[in-house]
Amino acid sequence: LKDILFIESLKDYAIIHLDEQKVVTRMTIKNIHELLPQNIFLRINRSFIINRTKIDSFSNNDVFIKEYEIAIGNLYREDFFQAIMGK
């Protein structure tokens, strides 16, 4: 789990982005999210779950992990900032 940067949804599949590789699995992002520790992995839009320990920086609209820029969805914004700010 500590090597996961983020997880990207592709319909019935998910791409798990690790430090050095990508793993494709035939699971929905919803199913994966239910299996992961909620205090570490945050859903930030319909298609992405991020590992909060891998966040390099963030703005009001985006999260930056390594060279990736991932948009924070409107429906997930409040939960994201509550989790990050510890409220």
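Here is a short chat about how some labels in this predicted model are reached.

Me: Why is Ile29 called buried?

Reply: Buried means under 20% relative accessible area. Ile29 has a relative accessible area of 5%, so the label buried fits. You can find Ile29 in helix α1, residues 29–35.

Me: What makes Ile49 a partner in contact with Ile29?

Reply: Contact means heavy atoms within 4.5 Å, and Ile29 touches Ile49 on that count. Ile7, Ser9, Arg43, Arg46, Ser47 and Phe48 are touched by Ile29 too, leaving out residues up to four places away in sequence. Ile29 and Ile49 are 20 residues apart along the chain, and 7.8 Å separates their C-alpha atoms.

Me: Why is Lys11 called exposed?

Reply: The label exposed needs over 50% relative accessible area. Lys11 comes out at 77%, so it counts as exposed. Its place is the loop between β1 and β2 (13–18).

Me: And why does Lys66 count as partly exposed?

Reply: Partly exposed lies in between the 20% and 50% limits. Lys66 is at 48%, so partly exposed is the right label. Look for Lys66 in the loop between β7 and β8 (68–71). Lys66 also has a positive phi of about 55°, although it is not a glycine.

Me: How do you know that β1 and β2 pair?

Reply: Two strands pair if DSSP finds at least two bridges between them. β1 and β2 have 6 bridges, so they pair, and they do so in the antiparallel sense. For one example, Ile4 has Leu18 in β2 as its bridge partner. The hairpin of these strands has 2 residues between them, and there Lys11 takes a positive phi near 55°.

Me: What makes β2 and β3 a pair?

Reply: With at least two bridges needed, the 4 bridges that join β2 to β3 (residues 22–25) meet the rule, and these strands run antiparallel. Ile15 stands opposite Val24 in β3. A hairpin through 3 residues joins β2 to β3.

Me: Why is β2 called mostly covered?

Reply: Being buried takes under 20% relative accessible area, and 5 of the 6 residues of β2 are buried, so mostly covered is a fair name.

Me: Which residues touch the most other members of the largest nonpolar core?

Reply: Among its 13 residues, they are Phe6, Ile44, Ile50, Val63, Ile65, Ile70 and Phe80. β1 (4–10), β4 (41–45), β5 (48–51), β7 (62–65) and α2 (74–85) each give two or more residues to this core. A second, separate core of 10 residues includes Ile29, Ile32, Leu36 and Phe41.

How values were computed. Residues numbered from 1 in each chain as written. Predicted model: local features only at pLDDT ≥ 70, side-chain atom pairs only at ≥ 80, totals over all residues. Heavy atoms only, no water. Core = buried A, V, L, I, M, F, W, Y, C linked by side-chain atoms within 4.5 Å. Buried < 20%, exposed > 50% of the residue type's maximum accessible area, 1.4 Å probe, protein only.
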